[in-house]
Amino acid sequence: MKIKLFTYLKNTDLHCMSSYEAITNLLGYKKMKRIKRYGLWELELDTATTEAAIQKVEYIISSSYYISNPNKEAHYIEKVPQPVLRAGEQNILVKVDTPYIINEEQLIKKIAQKVGIKLKSISKSLIWELVIANNGSKDNLKDELAQKVLNTQNRANGLLVNPIHETYSFLEPESYYSK
């Protein structure tokens, strides 16, 4: 059973503040209204039900610091709350993958040693939740974001993704937001 675990900072996320300032001021992209960031852990467990898998993930989190530091991070399991959108705003979710961010085998082994739960697989990605002023189509907005905000090309275009060692994809909000 695969479980999605979203981690986020309990206090001010300085990466988001810095990114917002750079996007709106240095890149001049004034449509950006808000930015939020989540760590996305995808954990695969050998369980019969989703409920059993969630219980094991909660136990891993409460019994170790390998995935989340409860002193500074909180989490959601499976879905995150949808942002409140004002008139003329749209939200876009961008998943950023860095292939070498964690040593999967080593982390699985450490978790098993610490809490006695053997994961089948584990991966970590970054999710950027972007709220943008836009009355047009979402497809056009995605193209615009790819050129002006996401893919770092030079000092005037791109910031959130380094194409040398990161890849990104747009996510379908319905699959990630709770109602």
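Student: How much space lies in the largest pocket?

Tutor: In this predicted model, the largest pocket holds about 210 Å³ of space.

Student: What makes a residue part of the lining of the largest pocket, and which residues line that pocket?

Tutor: A lining residue has an atom within 4 Å of a point of the pocket. Tyr8, Leu9, Asn11, Asp13, Cys16, Met17, Tyr20, Glu21, Ile35, Lys36 and Arg37 line the largest pocket, so each of them meets that cut-off.

Student: Which elements supply at least two residues each to this lining, and which gives the most?

Tutor: E1, H1 and E2 each supply at least two residues. The most come from H1, which gives four.

Student: How do you know how many residues of this lining are nonpolar, polar or charged?

Tutor: Asp, Glu, Lys and Arg count as charged, and the lining includes Asp13, Glu21, Lys36 and Arg37; the charged class therefore has four residues. Six further residues are nonpolar and one is polar.

Student: What is the volume of the second largest pocket, and which residues line it?

Tutor: Its volume is about 180 Å³. The lining consists of Thr7, Tyr8, Leu9, Asp13, Arg37, Tyr38, Gly39, Lys72, Glu73, Lys124 and Leu126. E1, E2 and E6 each contribute at least two of these residues.

Student: Why is Gly39 placed in the polar class, and how is this lining divided?

Tutor: Gly is counted among the polar residues, so Gly39 of this lining falls in that class. The division is four nonpolar, two polar and five charged residues.

Student: What is the order of the strands in the open sheet, and how do they pair?

Tutor: Six strands form the sheet in the order E3-E1-E2-E6-E5-E7, with antiparallel pairing.

Student: Why are strand E3 and strand E7 called edge strands?

Tutor: Strand E3 (73–77) and strand E7 (167–171) each pair on one side only.

Student: How do you know that E5 and E7 pair?

Tutor: Pairing requires at least two bridges between two strands. Five bridges join strand E5 (residues 89–97) to E7, so the requirement is met and the two strands pair. They run antiparallel, and lysine 95 stands opposite serine 169 in E7.

Student: Which strands does helix H1 lie across, and which does helix H2 touch?

Tutor: Helix H1 (residues 14–26) lies across strand E2 (32–45) and strand E6 (119–133), at about 135 degrees to E2. Helix H2 (residues 50–63) packs on the sheet and touches strand E1 (2–9), E2, E3 and E6. The direction of H2 makes about 35 degrees with that of E1.

Definitions and conventions. Residues numbered from 1 in each chain as written. Predicted model: local features only at pLDDT ≥ 70, side-chain atom pairs only at ≥ 80, totals over all residues. Heavy atoms only, no water. Contact = heavy atoms within 4.5 Å. Axes fitted to C-alpha atoms, helices over the stretch in contact; angles between N-to-C directions. 1 Å grid on protein atoms, 1.4 Å probe; cavity = no way out; pocket = protein on both sides within 12 Å on 5 of 7 lines; lining within 4 Å. Points joined across faces, edges and corners; volume = space filled by probe spheres on them.
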